Amino acid sequence: MKRTFRLPLAVLLSALPVACAVSPHFTGTALPPSPAPNFTLTSDIGRSWTLAAQRGEVVALLFGFTHCTDTCPDTLARLSHALQRDHATAKTAEIAFVTVDPLRDRPAVMRKWIRQFSGAKIVGLTGSQAQIDRVEHLYHVWSKKIPGKRGSDDYDEEHSAFTFLIDRSGDERVVHSDDDSLRDFAADLRTLLQ
């Protein structure tokens with residue numbers, strides 16, 4: 001007589017490797033966890049700011065410019081409110097706003113502009129055109145100057161409008177578009193802050 005030995009399902013499931021753990025659900029586009037490309041720029045208070053030095057906190061990284069009248073301030077306001085909603089402190093999360101217009105967005109200009117957004121820790125980042133070009137390249141972001149009609153200082157900037165959410169380990173985890181809702185941003189930030 002042949003006997004078959006069967007293990008209870010609970011025992012089999014408990015033997016599965018930890019690597020099979022369920023990944024968190026994101027409302028934005030989930031990215032395979034990989035180190036966010038590091039860069040160093042100048043903060044809105046004139047100090048050197050390096051992405052790798054922000055390990056231990058969640059970073060929402062976005063690109064824009066202070067002369068923007070719609071998308072940039074709207075996205076920044078939604079991110080700020082999303083962090084405020086979840087009571088994120090300056091030690092747990094930060095919004096890093098990289099200018100695509102370094103000619104006009106010097107540190108003092110950026111400092112004045114970001115002060116209008118409350119509820120979260122926000123740093124404005126600028127540098128030379130070459131430095132900004134490098135960061136855009138690292139994150140596959142594009143920008144293009146659109147000339148106006150009133151001289152060399154009259155121009156607009158077209159640019160990619162993505163927000164990259166970077167976890168406490170420094171890995172890119174999610175990307176959001178500029179039309180994602182406050183609720184979407186808040187859900188993914190809450191997941192990364194847990």
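# A tour from helix α5 to the core and the loops

Begin by selecting helix α5 and colouring its buried residues, which are Phe185, Ala186, Asp188, Leu189, Leu192 and Leu193. The model on screen is a predicted one, and every value quoted along this tour is computed from it.

**Helix α5 and its cover.** Keep α5, residues 182–193, in view and place a distance label between its end C-alpha atoms: they are 16 Å apart, which agrees with the 16 Å that twelve residues should span at 1.5 Å a residue. Then show what lies over the buried residues of this helix, where the cover includes β4, α2, β5 (93–99), β9 (162–166) and β10 (171–177).

**Histidine 176.** From α5, move to strand β10 and select histidine 176, which is found in that strand. Is histidine 176 buried or exposed? Its relative accessible area is 1%, so histidine 176 counts as buried. Display the side chains around it, and two polar contacts can be followed: one of 2.7 Å joins the side chain of histidine 176 to that of aspartate 180, and another, also listed at 2.7 Å, runs from the side chain of histidine 176 to the side chain of aspartate 188. Aspartate 188 is one of the buried residues of α5, and it appears again among the contacts of histidine 176 when neighbours within four places in sequence are left aside, a set that is made up of Thr27, Gly28, Ala161, Phe162, Thr163, Leu165, Asp184, Phe185 and Asp188.

**The nonpolar core.** Next, select Phe39, Leu61, Phe63 and Tyr139, which are the residues with the most contacts inside the largest nonpolar core, a set of 46 residues. Strand β4 supplies the largest share of this core, with six residues. Centre the view on phenylalanine 39 and, leaving aside its neighbours within four places in sequence, look for its contacts with Trp49, Thr50, Leu51, Leu61, Val98, Leu125, Arg134, Val135, Leu138 and Tyr139.

**The loop after β4.** Follow β4 (58–64) to its end and into the loop that leads to α2 (71–85), where threonine 66 is found. Threonine 66 is buried, with a relative accessible area of 10%, and its side chain is joined to that of histidine 67 by a polar contact of 3.5 Å. Apart from neighbours within four places in sequence, threonine 66 is in contact with Asp105, Val109, Met110 and Trp113.

**Two cysteines.** Now select cysteine 68 and cysteine 72 and show their sulfur atoms. How many disulfides does the model contain? With a cut-off of 2.5 Å between cysteine sulfur atoms, the count comes to zero. Cysteine 68 is in no disulfide, and the nearest cysteine sulfur to it, that of cysteine 72, is 3.2 Å away; cysteine 72 is likewise in no disulfide, with the sulfur of cysteine 68 as its nearest at 3.2 Å. Cysteine 68 is buried at a relative accessible area of 10%, and cysteine 72 counts as buried at 2%.

**Arginine 55.** Go back along the chain to the loop between β3 (48–50) and β4, and select arginine 55 there. Arginine 55 and glycine 170 are 115 residues apart in sequence, yet their C-alpha atoms are 5.7 Å apart in space. The side chain of arginine 55 reaches the backbone oxygen of serine 169 at 3.1 Å, and, not counting residues up to four places away in sequence, arginine 55 touches Arg168, Ser169 and Gly170.

**From α4 to β7.** Select aspartate 133 in helix α4, where this residue is partly exposed, with a relative accessible area of 39%. A distance label from its C-alpha atom to that of serine 143, ten residues away along the chain, will read 8.9 Å. Between α4 (129–138) and β7 (143–147) lies a loop that holds histidine 140, a residue that is exposed at 68% relative accessible area. Most residues other than glycine have a negative phi. Histidine 140 has a positive phi of about 55 degrees although it is not a glycine.

**The whole chain.** To finish, zoom out and colour by secondary structure, which comes to five helices and ten strands. Of the 194 residues, 43% count as buried, and the accessible surface comes to about 11200 Å², of which 55% belongs to carbon and sulfur atoms. Among contacts with a separation of 6 or more, 73% are accounted for by residues 24 or more positions apart.

Note on methods:
Residues are numbered from 1 along each chain as its sequence is written. This is a predicted model: local features need pLDDT of at least 70, side-chain atom pairs count only at pLDDT 80 or more; totals for chains, interfaces and linings use all residues. Side-chain values use heavy atoms; hydrogens and water are left out. Helices (H or I, at least four residues) and strands (E, at least two) are DSSP runs, numbered from the N terminus. Buried means under 20% relative accessible area, exposed over 50%, partly exposed in between (1.4 Å probe, protein chains only). A polar contact is a pair of N or O atoms within 3.5 Å; within protein, one must be able to donate a hydrogen and the other to accept it, and residues adjacent in sequence count only if both atoms are side-chain atoms. Contact means heavy atoms within 4.5 Å. The expected span of a helix is 1.5 Å times one less than its number of residues. Accessible areas come from the Shrake-Rupley method with a 1.4 Å probe; for residues, only the protein chains shown count as cover. A nonpolar core is a set of buried Ala, Val, Leu, Ile, Met, Phe, Trp, Tyr and Cys residues joined through side-chain atoms within 4.5 Å.
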